[in-house]
Amino acid sequence: MKLLKCKYRIKCEMGACGNVAKYSIFPSRTGSQSTLHVCENCLEELTDLFMKEKVAKKEKAEKKDKVTKKDKGAKDEKE
Ligand SMILES: [Zn+2]
């Protein structure tokens, strides 16, 4: 998947956003038809949402990890 600066003056495709798209997301192995054009705001929001989701998942995994590591004897204490 690629993220490139949008070359065209088209509208952001995120819902009813309506801003001018600044970035184009190119999914791998697909034609240009499935390219997603988004504005900076929406991309930022999307990234933000994803990061939150990722952090939540990570925290969950770490909690799980701690339990299993205790049994083995934790050796990495980077954080
Ligand atoms: Zn937008």
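These legends go with a set of close-up views of a predicted model.

**View 1. The whole chain, from three strands to one helix.**
The protein has three strands and one helix, and walking along the sequence you meet them as β-β-β-α. Not much is tucked away here: 6% of the 79 residues count as buried. Among contacts with a separation of 6 or more, 29% link residues that sit 24 or more positions apart.

**View 2. How confident the prediction is.**
Averaged over the protein, pLDDT comes to 86, with 81% of the residues at 70 or more. Of the elements, β3 has the highest mean pLDDT, at 94. Helix α1, residues 40-72, has the lowest, at 88.

**View 3. The open sheet and its two edges.**
The three strands line up as β1-β2-β3 in an open sheet, with antiparallel pairing. β1 and β3 (36-38) are the edge strands; each has a single partner, so one side of each goes without a neighbour in the sheet. On average, neighbouring strands here are turned by 25° against each other, ignoring direction.

**View 4. Strand pairs up close.**
Start with β1 and β2: they run antiparallel and are joined by four bridges. Look for Leu3 here, which stands opposite Ile25 in β2. Now move over to β2 and β3, also an antiparallel pair, this time with three bridges. Tyr23 is the residue to find in this part, standing opposite Val38 in β3. As a reminder for both pairs, side chains in a regular strand alternate between the two faces of the sheet.

**View 5. Cys12, a buried loop residue.**
Cys12 sits in the loop that links β1 (2-5) to β2 (23-26). Buried or exposed, then, is Cys12? Cys12 has 22 C-beta neighbours inside 10 Å, and the cut-off for buried is 20 or more, so Cys12 counts as buried. Beyond its neighbours within four places in sequence, Cys12 touches a good list of residues: Cys17, Gly18, Asn19, Val20, Ala21, His37, Val38, Cys39 and Cys42. One of these partners, His37, is 25 residues away in sequence, yet the C-alpha atoms of Cys12 and His37 are 5.5 Å apart.

**View 6. Cys39, between the last strand and the helix.**
Find Cys39 in the loop between β3 and α1. Cys39 counts as buried because 20 C-beta neighbours lie inside 10 Å, and 20 is enough to meet the cut-off of 20 or more. Leaving out neighbours within four places in sequence, Cys39 is in contact with Cys12, Cys17, Asn19, Val20, Ala21 and Lys22. For Val20, the C-alpha to C-alpha separation from Cys39 is 5.9 Å, with their positions 19 residues apart along the chain.

**View 7. The largest nonpolar core.**
Which residues make up the largest nonpolar core? There are five: Cys12, Ala21, Val38, Cys39 and Cys42. Cys12 is in contact with Ala21, Val38, Cys39 and Cys42, among others, while the contacts of Cys39 include Cys12 and Ala21. Cys42, setting aside neighbours within four places in sequence, is in contact with Cys12, Met14 and Cys17. In soluble globular proteins, nonpolar side chains tend to be buried together.

**View 8. Asn41, a helix residue with a middling environment.**
Asn41 belongs to helix α1. With 13 C-beta neighbours inside 10 Å, Asn41 counts as partly exposed, because that label covers residues between the exposed limit of 12 or fewer and the buried limit of 20 or more. The C-alpha atoms of Asn41 and Cys17 are separated by 9.3 Å, and the two residues are 24 apart along the chain.

Definitions and conventions: Residues are numbered from 1 along each chain as its sequence is written. This is a predicted model: local features need pLDDT of at least 70, side-chain atom pairs count only at pLDDT 80 or more; totals for chains, interfaces and linings use all residues. Two residues are in contact if their C-beta atoms, placed from the backbone, lie within 7 Å. Two strands pair if DSSP finds at least two bridges between them. Axes are lines fitted to C-alpha atoms, for helices over the stretch in contact, and angles run from 0 to 180 degrees between N-to-C directions. A nonpolar core is a set of buried Ala, Val, Leu, Ile, Met, Phe, Trp, Tyr and Cys residues joined through C-beta atoms within 7 Å. pLDDT is the predictor's confidence in each residue, from 0 to 100.
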